[in-house]
Amino acid sequence: MGNRRPWVMRMRWVDLLFAHWPLDPEVLRPHVPVDLAIDTFDGRAWLGIVPFGMEDVAPRGIPRAPVLSAFPEVNVRTYVRHGDLAGVWFLSLDAASRLTVEGARAAFHLPYYRAAMSIEREGDTVRYRSRRTDHRGATAELDVQYRPIGAVELGAPGSLEAWLTDRWRLFAIDAVGRVERTEIRHARWPLQPAEATFYTESLAAACGLRVPATAPHLRYAGRVDVRGWWPRRV
């Protein structure tokens with residue numbers, strides 16, 4: 001396991017919305033490297049859009065810098081396997097931190113883009129806005145309002161909620177085309193049923209995909225504290 005070595009990064013993820021739509025695996029196949037298998041639940045692949053806030057982002061042993069360690073982020077993702085290892089494949093990640101974007105592109109080979117972003121909270125309601133400003137990617141925007149509407153529940157083993165969220169690694173492709181994995185660890189997700197209104201969503205289209213017209217599967221999570229390791233080849 002990747003956590004036999006010391007972790008190198010810490011972070012806190014807050015006010016997450018997990019919005020997921022089922023897709024035919026063949027729709028996602030052109031968007032995922034051939035060395036990775038599309039992971040499925042009951043025969044369906046899943047496309048996720050996950051906005052959240054990042055806090056206390058810093059390397060191990062370094063105090064947080066208030067201006068640099070807290071910012072919004074949103075990712076578009078699906079789920080994959082490499083042999084018996086399950087993980088996340090990111091189609092895009094937008095963040096309001098130039099340092100994070102450039103550092104993650106260089107060190108973790110992830111498709112990060114700079115964006116102008118904001119998170120507004122009123123009671124338990126979150127209004128989240130993002131507009132990509134990075135010319136390395138297609139134009140992409142998100143304007144969504146969401147809130148939890150039920151009690152906290154841990155995803156039961158074998159459930160869709162656990163399958164979507166209990167993911168302890170991400171995969172990427174390095175500069176010479178080799179698959180690598182990055183391990184992460186955190187407590188189990190404190191998931192709550194959620195409701196959301198999407199006013200604008202073009203992140204999926206910027207990845208060459210279309211969000212289905214069906215209602216998304218929605219869950220909210222208030223906070224998890226995360227540790228991350230350096231990537232390594234699979």
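Buried means under 20% relative accessible area, exposed over 50%, and partly exposed in between (1.4 Å probe, protein chains only). The model is predicted, so to speak for local features a residue needs pLDDT of at least 70, side-chain atom pairs count only at pLDDT 80 or more, and totals for chains, interfaces and linings use all residues. Residues are numbered from 1 along each chain as its sequence is written, and side-chain values use heavy atoms, with hydrogens and water left out.

**Exercise 1. Classify the ring pair Tyr-79 and Trp-163, then place both residues.**

Step 1: grab the rule. Rings of Phe, Tyr and Trp (its six-membered ring) pair if their centres lie within 6.5 Å; planes under 30 degrees apart count as stacked, over 60 as edge-to-face and the rest as tilted.

Step 2: apply it. The centres of Tyr-79 and Trp-163 are 5.5 Å apart and the planes sit at 70°, so this pair is edge-to-face.

Step 3: locate the partners. Tyr-79 is in strand β4 (residues 71–82) and Trp-163 in helix α3 (residues 160–165), 84 residues apart. Helices (H or I, at least four residues) and strands (E, at least two) are DSSP runs, numbered from the N terminus.

Step 4: check burial. Tyr-79 has a relative accessible area of 0%, so it's buried; Trp-163, at 15%, counts as buried too.

**Exercise 2. Work out what surrounds Arg-132, starting from its salt bridge with Asp-94.**

Step 1: the criterion. A salt bridge is a side-chain nitrogen of Lys or Arg within 4 Å of a carboxyl oxygen of Asp or Glu.

Step 2: the contact. Between Asp-94 and Arg-132, the closest N and O atoms are 2.8 Å apart.

Step 3: the span. Asp-94 belongs to strand β5 (residues 85–95) and Arg-132 to strand β7 (residues 125–132), so the bridge ties together parts 38 residues apart in sequence.

Step 4: the burial. Asp-94 counts as buried at 0% relative accessibility, and Arg-132 does at 8%.

Step 5: the ring. Arg-132 also lies over the face of Tyr-113, 4.2 Å from the ring centre. The cut-off here is NZ of Lys or CZ of Arg within 6 Å of the ring centre and within 35 degrees of the ring normal. The charged end of Arg-105 sits over the ring of Tyr-113 as well, 4.9 Å from its centre.

**Exercise 3. Decide whether Arg-147 and Glu-195 are buried, exposed or partly exposed.**

Step 1: the bridge. Their closest N and O atoms are 2.7 Å apart, and Arg-147 and Glu-195 form a salt bridge.

Step 2: the verdict. Arg-147 is partly exposed at 29% relative accessibility, and Glu-195 is partly exposed at 38%.
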